[in-house]
Amino acid sequence: MAEPPRPFRLRGAGGPQKFGVAAGSLRGLLRKGCRLLQVPLAGSRLCLYEDGTELTESYFRALPPQTELVLLGPGQSWRGCASDIERLLAALCSQRDALVEAARKLLTDERAPRRQKLLADLIHNLSENILAEDKEDDKKWFEGLESRFKNKSSYMRHSCESRMRGYMREVSGFISNVHPAARDAYRGVIDLMADKLKSAKYNGCYFDRREEEEAARLCTVEGWFSCQGPFDRDDCPCKHSINPYSNRESRILFSTWNLDHIIEKKRAVVPELAEAVKTRDGREVNWEYFYQLLFTLENLKLVHIACHKKTTHNLSCDKSKIYRKRKQNHEIS
């Protein structure tokens, strides 16, 4: 019994345009695709767009509808979506000299200082090896760093870890301001936070471009970071952005950017924690709420140094989250 037709998304290896094609068999889909894309049937085959796996009839029957496929003509190959990236980079490289020259010409227009800065940054970044990750591929980037750093992400991760350790020291150092009767309890909270932070590797993944799931919250493709300040606006008015992976100068400049606490660490979060420990009166302090405010992106945003407002933010902790809610025990009569 013939299989009912199922819809698929089909494209050729040489272009991005996709076509909807329905077929109940691999052979039928191959025939339709060859007619549609004007590819000779002899020597043609179909593969998955995602990873280049070539289809067999049994594999075809297991595919879900709307799977994206690539039709390969005689002599063509497909290595998955990486093939698209390679073609894009090749096109960019082929036009690189012309692009740089056009940018230099625009820089002669003295009436556009902001455009000059953007284009200067563009020329600077185009001449650097942004995609390089390992030390041997971009030795200049690592100049001035300790020899233990073998790739860019390891240093960026270390940099973020150092910031988090600094925040932890500030929280620990506040104990002299805590009421003497509450200091042991405060130390207990600090120990819990320190253990959690250590288990999370000090949240160093925030600046590691290889840790996609976490890092994507702060950066875009290949390590670009955007300023998220000032805190009382939706975004940065100057559109500050930087790729610290691009060159040594950008790496050094990025160290001047700040992870700004929206609810302020010194003025609000830490004093509120100390007060909560002092006045807990048998209640359990919700230390994980304070941990989120101090060490995670729940209350941290990346800002250019010029957008780091030193004035009081006038924001406070959520009073309903300072203590844990007690579980209700219901008696059964």
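Two residues are in contact when they have heavy atoms within 4.5 Å of each other. With that in hand, let us look around this predicted model.

**The nonpolar cores**

A good place to start is M164: leaving aside neighbours within four places in sequence, M164 is in contact with L197, Y202, N203, Y206, L259, F295 and L300. M164 belongs to the largest nonpolar core, which has 56 residues. Along with Y186, M193, F290 and F295, M164 touches the most other members of that core. Two or more residues of this core come from each of α6 (152–173), α7 (183–199), α10 (265–278), α11 (287–295) and β8 (300–303). Another core lies apart from this one; its 15 residues include F8, A23, L29 and L30. In soluble globular proteins, nonpolar side chains tend to be buried together.

**A buried histidine**

Follow the chain past β8 and you reach the segment that holds H308. H308 counts as buried because its relative accessibility is 16%, under the 20% limit. Beyond its neighbours within four places in sequence, H308 is in contact with N258, D260 and V303. Although H308 and N258 are 50 residues apart in sequence, their C-alpha atoms are 7.1 Å apart in space.

**Two positive phi angles**

Q66 has a positive phi although it is not a glycine, and D281 is likewise a residue other than glycine with a positive value. The table sets out where they sit.

| Residue | Phi | Loop | Relative accessibility |
|---|---|---|---|
| Q66 | about 70° | between α2 (57–62) and β4 (68–72) | 40%, partly exposed |
| D281 | near 50° | between α10 and α11 | 72%, exposed |

Terms used
Residues are numbered from 1 along each chain as its sequence is written. This is a predicted model: local features need pLDDT of at least 70, side-chain atom pairs count only at pLDDT 80 or more; totals for chains, interfaces and linings use all residues. Side-chain values use heavy atoms; hydrogens and water are left out. A nonpolar core is a set of buried Ala, Val, Leu, Ile, Met, Phe, Trp, Tyr and Cys residues joined through side-chain atoms within 4.5 Å. Buried means under 20% relative accessible area, exposed over 50%, partly exposed in between (1.4 Å probe, protein chains only). Helices (H or I, at least four residues) and strands (E, at least two) are DSSP runs, numbered from the N terminus.
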